Amino acid sequence: MLRISASTVRDRWQLFAGALLTVTLGVALVQSAVLVLVSTGEPEIPPGTSARDAEQIREGYAGAATLLGMATPLAMFLAMFIVGSTFAFAVEQRRRELALLRMLGGSRPQLIGLLLGEAFLLGLIGSVLGMVLGVPAAWVQARLLIGIGLLPDGFSPGWSNSVLVLSPGVGITVAVCGVLAASYRSARVRPLDALRNTPRAARVMTAGRWLTGLSSLALTLLLIAAGNGTDLLLTLMVGMGISIVGSVALSALSPLAVPLVGRLLGTVLRTGVLGELAQANLRDAVRRSASTAAPVIVLVGLLVGLTGTLNSLARATGADLERITVAELVVTSDGAAAARIPHIPGVALASPQSQVEMAVTARYREEQRTYRQTHHSGIIAVDGTAYRRAHRLTPTSGTLDDLRGRTIVIGPGLAGEGILRGSVTARIGDEKVKLRTVARLPEVLENRSANFLVPRDLVPAAILAEAPTETMVQVAPGTSARAVADRIRAAGIGDVRTTAQWADARVEDEQRGTMGIMAVLMGMSGLYAAIAVINAVVIAAAERRTEFAVARATGLSRGQVVRMATIESTAVTVIGLFLGSLVAAAALAGFQQGGILAVPWTLLALLIVASLAVTAGAGALTTLAMTKPSATALVTARE
Amino acid sequence: MSRPAAAGPQASAGAPVTSVQLHQVSRHYGTGEARVQALADVTVTFPAGTWTAVMGPSGSGKSTLLHCAAGLDRASSGRVVLAGQDITRATDATLTSLRRRTMGFIFQNFNLIGSLTAEQNVALPLKLAGARPSRADVRAALAAVGLADRARHRPRELSGGQQQRVAIARGMVTRPSVLFADEPTGALDTHSARMVLRLLRRMVDESGQTVVMVTHDPVAAANADAVVFLSDGRIVDRLIRPTAAGVAERLTRLEG
């Protein structure tokens with residue numbers, strides 16, 4: 001059986017090229033992610049790094065690991081999806097050949113074995129290519145993570161022998177899992193199909209497709225209902241869930257959805273004879289239309305849905321920052337300069353927040369167990385009363401006015417952690433002090449919010465003077481904020497921004513890493529989708545050779561046939577784009593409340609242009625190639 | 001070797017003289033208005049070691065008869081017995097095993113697997129049956145159809161007649177009791193067609209092979225031992241030791 005698999009793969013490589021490329025890219029991506037992950041496991045901290053910088057490096061490494069951990073499964077999911085749809089289509093194309101094997105005495109298990117054998121070979125070849133490609137890919141990935149600031153400049157991914165086992169494992173698993181459904185389909189092929197000249201219109205909506213489609217659709221509707229709450233975190237999770245499940249649902253149900261939307265498009269298409277033909281083909285060749293539309297649905301649903309969700313979260317974080325900050329201006333300077341701000345005319349209140357270099361060791365409780373942890377970053381020196389007045393943050397316990405002398409406040413960054421009440425130990429310079437916890441602040445949306453607040457009088461003046469400081473400034477009533485900002489600038493204190501500008505910049509900073517990875521993921525999924533679409537268009541065109549010839553013999557010119565096919569593939573793409581946007585809209589609907597909805601219009605426009613270009617281009621080119629021989633030769637030609 | 005004629009249901013099931021037997025077989029497709037009766041109450045026996053041609057106008061049900069006889073299509077009612085085994089309600093596994101050992105097929109459009117060489121195509125049914133075919137057996141099968149020197153060629157490097165001979169070698173390599181042929185000369189020129197028919201004749205005469213062949217060509221049918229004529233799903237006539245002229249005359253009458 002493996003021999004037949006091998007010769008089939010060799011002889012009909014066009015059917016497998018797309019799937020092979022997909023597996024190769026998938027393996028390369030997973031391997032490079034793993035190589036980078038392995039190297040980030042043990043952060044290399046250059047000797048002489050301060051404790052705070054070291055903690056930041058560690059946090060960057062952890063962030064990189066999280067992002068890679070999110071990106072890798074998504075890449076595997078996409079790869080499996082594409083291999084699956086390629087093979088499902090390939091089985092349809094090879095129905096006669098498979099039926100012939102049944103006729104010659106092949107059993108159902110043998111046919112399943114044949115396809116799984118092909119998948120195994122494909123996975124193996126793809127893994128070898130992917131392993132080679134994975135080495136430069138790891139370098140590119142590391143460069144990228146350095147570029148977005150998660151990894152330090154000197155970082156270079158190492159090599160781990162574990163990928164020698166892992167990569168083929170991933171490649172073969174992806175290929176075999178992707179082919180599983182198709183192989184069971186192949187077992188349903190009846191021997192009699194080998195005798196029919198035109199294969200019986202096979203049922204496109206198989207039981208498995210119904211099951212996947214309807215259960216995903218039900219889950220999507222459930223999620224839409226659940227996402228109607230006010231909790232932002234819930235909306236976020238639901239939005240991401242809908243992007244994935246909804247895409248799966250609509251792509252599984254695409255043989256139903258595509259003709260349905262196609263009917264709507266029909267009124268536009270029916271204006272010309274070519275359009276009418278194209279629309280008839282669209283309705284008739286359900287499987288072909290669905291194979292082209294499915295990747296577009298997944299691409300748009302997933303990318304626009306996920307990006308929109310993340311952008312909306314960013315907007316919500318910005319809105320939250322603006323909401324809790326009661327100030328018109330934010331001044332960035334060092335601690336010494338910040339001390340001069342209250343003397344500027346028109347300044348009603350200045351609340352300085354200085355990042356100080358110190359260590360705080362707190363005791364935690366987790367499931368009957370207590371342990372200590374030392375923090376070096378996110379420790380902010382503030383004036384308790386000014387801070388209270390400059391923020392709309394009601395402490396969950398205690399009051400900020402007590403923040404004087406040897407005391408500490410647990411900040412929003414650690415609000416969710418189980419820090420024990422009582423006191424913490426702090427080390428400032430060489431001095432070790434015990435600080436009493438006087439208040440706890442509630443959680444906020446921003447990720448990099450303060451871990452601890454300490455009173456300014458606790459910190460030695462020399463350290464404070466050098467500390468990077470942000471000062472929230474309230475302007476006296478009747479004074480223009482612009483005038484005050486000009487005065488602060490004129491005094492040479494530091495950089496002045498409005499609260500809105502400052503909040504946007506902070507959110508953008510926080511989002512930068514996520515967006516970098518999203519960009520890579522988008523490129524990756526876009527490439528995958530392009531492979532899938534081109535694959536579907538090219539494989540389908542091969543079966544239409546005779547159909548095109550008949551169309552020409554009926555009186556259509558070659559140009560008209562090409563235009564007809566192009567109109568058809570464009571229409572299918574428009575339908576896919578529409579259905580994908582529907583998924584994205586469902587995913588983002590929850591953000592409508594509160595006005596934090598951020599639709600990635602640029603991305604959407606880019607996807608629309610790119611998918612239309614790819615499908616129309618692939619359609620036109622293959623049709624041109626397919627109509628090259630003379631029409632009569634094809635109409636009269638036997639198999 | 002005697003040439004027993006296609007006859008009524010006189011031979012009992014399981015007797016070595018009977019290879020394929022259809023007993024009151026009907027087959028219809030669709031329901032209601034769209035109902036099509038492809039076979040109506042057909043009873044026919046194809047005795048072992050004979051060659052029977054099935055003829056009739058287009059849509060007369062000759063292909064359906066072949067499909068039902070080979071267990072490729074299920075009879076709506078009636079009974080089909082193949083090599084002593086009732087296959088009317090046989091499971092897929094039983095039918096698969098019958099296809100491996102008891103049946104061989106030849107098609108109008110050859111249906112060779114394009115990616116395999118002639119030799120590999122011939123060896124395929126044996127491999128599917130789990131046997132390890134010896135190269136000598138495969139070569140012998142190819143030599144028997146006069147293609148010993150084409151063993152390593154792929155189908156696209158062979159002429160139509162050569163491809164059909166490879167298909168015959170493939171159909172015969174498992175030494176099946178019945179060979180089903182669906183328009184085996186339909187896509188061939190007269191010279192190649194004559195060669196294929198001569199091969200089939202030799203198999204029946206020398207190896208006692210049973211052949212059931214659907215054709216619309218009176219010349220091809222004239223090579224068979226007997227001809228069964230179908231019209232509207234019923235057997236309407238039989239001819240024993242046919243001549244091309246006799247067959248053509250009956251066909252014209254049927255179509256007229």
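This is a short talk about the interface between chain B and chain A and about the cavities in the structure.

Okay, so before anything else: what you have on screen is a predicted model.

Let's start with the contact between the chains. How many residues does each chain put in? Chain B brings 27 residues and chain A brings 24 residues. Put the two together and about 2,300 Å² gets buried between chain B and chain A, with 57% of it on carbon and sulfur atoms.

Now the polar side of that interface. We count two salt bridges between chain B and chain A. One to click on is Asp92(B) with Arg102(A), where the closest N and O atoms sit 2.4 Å apart. There are also six residue pairs in polar contact across the two chains, both partners being at pLDDT 80 or more.

And which parts of chain B do the touching? The elements giving two or more residues to that side are α2 (92–101) and α3 (118–128) of chain B. The largest share comes from α3(B), with five residues. If you sort the chain B side by class, you get 10 nonpolar residues, eight polar and nine charged.

Right, on to the empty space. Rolling a water-sized probe over the atoms is how you see where empty space is left. Here the count is 11 cavities of 30 Å³ or more. I'll go through two of them.

The largest cavity holds about 170 Å³ of space. What lines it? There are 16 lining residues, and the ones nearest the centre are Arg288(A), Val537(A), Arg544(A), Glu568(A) and Ser569(A). Four helices of chain A each supply at least two residues of that lining: α11 (286–324), α16 (499–543), α18 (558–588) and α19 (601–626). By class, this lining splits into seven nonpolar, six polar and three charged residues.

Then the second largest cavity, with about 70 Å³ of space. Its lining includes Ser85(A), Thr86(A) and Phe89(A), along with Ser291(A) and Pro295(A). Ala532(A), Asn535(A), Ala536(A) and Ile539(A) line that cavity too. In terms of elements, α3 (51–93), α11 and α16 of chain A give two or more residues here, and α16(A) gives the most, with four.

So how many charged residues does this second lining have? It has no charged residues, with five nonpolar and four polar making up the classes. Compare that with the lining of the largest cavity, where three residues are charged.

That's what I have; happy to rotate things if anyone wants another look.

Conventions
Residues numbered from 1 in each chain as written. Chains lettered and ligands numbered in written order. Predicted model: local features only at pLDDT ≥ 70, side-chain atom pairs only at ≥ 80, totals over all residues. Heavy atoms only, no water. Contact = heavy atoms within 4.5 Å. Buried area = accessible area lost by both parts, 1.4 Å probe. Salt bridge = Lys/Arg side-chain N within 4 Å of Asp/Glu carboxyl O. Polar contact = N/O pair within 3.5 Å; in protein donor to acceptor, adjacent residues only side chain to side chain. Nonpolar A, V, L, I, M, F, W, Y, C, P; charged D, E, K, R; others polar. 1 Å grid on protein atoms, 1.4 Å probe; cavity = no way out; pocket = protein on both sides within 12 Å on 5 of 7 lines; lining within 4 Å. Points joined across faces, edges and corners; volume = space filled by probe spheres on them.
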